[in-house]
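Me: I have a structure to read and many words to check. Can we go through the reasons behind each label?

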Amino acid sequence: MQSDTPEHTGPADPSDTAVWQPDLTNRAKPVYLAIADALADDIAAGRLAAGQRLPPQRLLADRLGVDLTTVSRAYSEARRRGLLDARVGQGTFVSAQDVAPDRPLPETARPRREAAAPSAVIDMTMNQPPLPDAPDLLDRVRRSLSQAMLRLDPQTLLRYPEAGAGFRAVEEDCAAGARWLAKRLPDLDESPLGNHSRIVVCPGTQSALLALLCMLTSPGDTVCTEELTYPGFKAIARQLGLRVVGVAMDKDGLDPDALRAAVQAHSPKALYCTPTLHNPTTATLPAGRRAAIAAIARQHGFPIIEDDIYGVLPQDAPPPIAALAPDVTFHVVGLAKCVAPGLRVTYVAAPDARQAMRLAAAQRATILGTPPVPAAVATQWIADGTADALLTAIRAEASARQRIARDLLPPATQTAHPEGFHLWLTLPPAWTRGEFAAHLRSHGIAAAVSDTFLTAGAVPEALRICLGAPVTRADCRRMLEVLADALDQSPALAGIVI
């Protein structure tokens, strides 16, 4: 559990943790930035005083009805602006420094490829790919962006999509999605015909999951997932009033026998899973288990939502479930983890054209559709090879950082794939996850603890470590040295302050 606890008993009013709650109305930006902006506004207006303690992250997340990771990112952003101070074992407090709410980040705090300031926070709460150390590739990205904009018809920005298109992406974008998905689904039809295509283009995986759950479930329904799972899925299920049943895992991932028992007990409407480079444990389901899970879905008549967002990173991954059972699988592949997080384009291969049209309708009811600019950029990058070049560079940089992790961290503590960019850190008995997360925060490192991912079972003493969060490879090494040093000593020694 994130440890903003125990309660502070200093001069500030101890009831202040029950008072502050950000006003997020009329803030058209990501929620974590809206929280940070609201904090800055309240400090500027005098509603928050220097030294006042803020609510623990989990408490504020529950109040706002958002994921714990969102609040963690917001607090990290506020610390980066100089608005907050984190005190180990006490909590998070409004900084005594006078910071204007719209003050830009100092130059040293802005992430740059060549270096990160020693004082900059390394925020590992979002699992993001590493920046490739390839200036020529970045120049190629710029040129490809320009070409995409030149090819984009301005009228697509000045009008809503034609009603007959059902707010689906244009045929060219669907064809690009089919080409990208063919890396993992080689038999996928690469000639989509408008609304008859199996491909639906979505503005990010989160929106794709939202549309899928809206389409497949109703409030009160049950959905199954791994006992540790992607927090964004948990957040959507909570918002839609769904019951999430966690299914037991082992070192190879989801256990088919445990899934069969859960299905018989709970009759779920869908299964959501990440078979390749599971988030957070990095487990990859063997081919036999994938076939067994597909057989269970067919036997009991429920669909599988296969999140294959990390699927193209390993060059040796087994075929996806959708290749074994396309008739019961919605195959979801986003570009955020393998090309560019800022692109926000995801492709879904539905079981058939009718299901694709239903999904497009659910997307229209929730977020209208995919904006034409990112879709056009994704299509251009896939067509001219920029997407493949970025994937290759990300894979190479991730592999280099994994080698550093293997050199520095005790083997018994880490589970990872050599071509992935996160690892699952299992703590030695001396440490608890809360103590370790607090120790990392005292060194300017924010990490996601196991509670964030839990849906069932006992909470493991573990954290997800994102090797892509540090801007440079040298920053990654310094971060891992902090982890290695802590793992080599007891919490009592690590926390000594003189």
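Reply: Start with surface. Accessible areas come from the Shrake-Rupley method with a 1.4 Å probe. On that basis, the accessible surface of the chain comes to about 20,900 Å². Carbon and sulfur atoms hold 55% of that surface. Keep in mind that this is a predicted model.

Me: What share of the residues count as buried?

Reply: The chain has 498 residues, and 55% of them count as buried. Buried means under 20% relative accessible area.

Me: How many helices and strands does the chain have?

Reply: There are 17 helices and 17 strands. Contacts reach far along the sequence too. Take contacts between residues at least 6 apart in sequence: 72% of them join residues at least 24 apart.

Me: How do you know how many disulfides there are?

Reply: The whole structure was searched, and the count is 0. A disulfide needs two cysteine sulfur atoms within 2.5 Å. Try C466. The closest cysteine sulfur to its own is in C476, 8.9 Å away, so the two are too far apart for a bond.

Me: Why is C466 called buried?

Reply: Its relative accessible area is 0%. The cut-off for buried is under 20%, so C466 qualifies. C273 qualifies as well, because its value is 1%.

Me: What makes α13 and α14 roughly perpendicular?

Reply: Two packed helices are described by the angle between their axes and the distance between the axes. Here helix α13 covers residues 372–384 and helix α14 covers residues 386–408. Their axes cross at roughly 80 degrees and come within 4 Å. Angles of 65 to 115 degrees count as roughly perpendicular. Therefore α13 and α14 earn that label.

Me: Which residues meet where α13 and α14 touch?

Reply: From α13 come W381, I382 and D384. From α14 come T386, A387 and L390. By class, this contact has 4 nonpolar, 1 polar and 1 charged residues.

Me: Why is A378 called buried?

Reply: A378 sits in helix α13. Its relative accessibility is 1%, under the 20% cut-off, so it counts as buried. Leaving out residues up to four places away in sequence, A378 touches L335, L343, V345 and Y347. Look at V345. It is 33 residues from A378 in sequence, yet their C-alpha atoms are 7.1 Å apart.

Me: Why is L391 called buried?

Reply: L391 belongs to helix α14. Its relative accessible area is 5%, so it falls under the 20% limit. Beyond its neighbours within four places in sequence, L391 is in contact with W180, V312, L313 and C338. C338 is 53 residues away in sequence, with 5.3 Å from C-alpha to C-alpha.

Me: What makes helix α6 mostly covered?

Reply: Count its residues. Helix α6 runs over residues 171–181, and 8 of its 11 residues are buried. Those are D173, C174, A175, A176, G177, A178, W180 and L181. The cover includes strands β4, β11 and β12, along with helices α13 and α14.

Me: P318 is in a loop. Is it buried or exposed?

Reply: Buried. P318 lies in the loop between β10 and α11. Its relative accessible area is 18%, and buried means under 20%, so the label holds. Apart from its neighbours within four places in sequence, P318 is in contact with R184, T284, L285, A287 and R290. R184 is 134 residues away along the chain, and the C-alpha atoms are separated by 9.1 Å.

Me: What is the phi of S267, and is S267 buried or exposed?

Reply: Most residues other than glycine have a negative phi. S267 is not a glycine, yet its phi is positive, about 45 degrees. S267 is in the loop between α9 and β9. At 54% relative accessibility, it passes the 50% mark, so it counts as exposed.

Me: Why is R344 called partly exposed?

Reply: Its relative accessibility is 38%. Partly exposed lies between the 20% and 50% limits, so R344 fits. R344 also has a positive phi, about 55 degrees, without being a glycine. Its place is the loop between β11 and β12.

Me: Where is P280, and is the peptide bond from N279 to P280 cis or trans?

Reply: P280 is in the loop between β9 and α10. The bond from N279 to P280 is cis, with omega near 20 degrees. Most peptide bonds are trans.

Terms used
Residues numbered from 1 in each chain as written. Predicted model: local features only at pLDDT ≥ 70, side-chain atom pairs only at ≥ 80, totals over all residues. Heavy atoms only, no water. Buried < 20%, exposed > 50% of the residue type's maximum accessible area, 1.4 Å probe, protein only. Helix = DSSP H or I, 4+ residues; strand = E, 2+ residues; numbered from the N terminus. Contact = heavy atoms within 4.5 Å. Axes fitted to C-alpha atoms, helices over the stretch in contact; angles between N-to-C directions. Parallel < 35°, antiparallel > 145°, perpendicular 65-115°, else oblique. Nonpolar A, V, L, I, M, F, W, Y, C, P; charged D, E, K, R; others polar.
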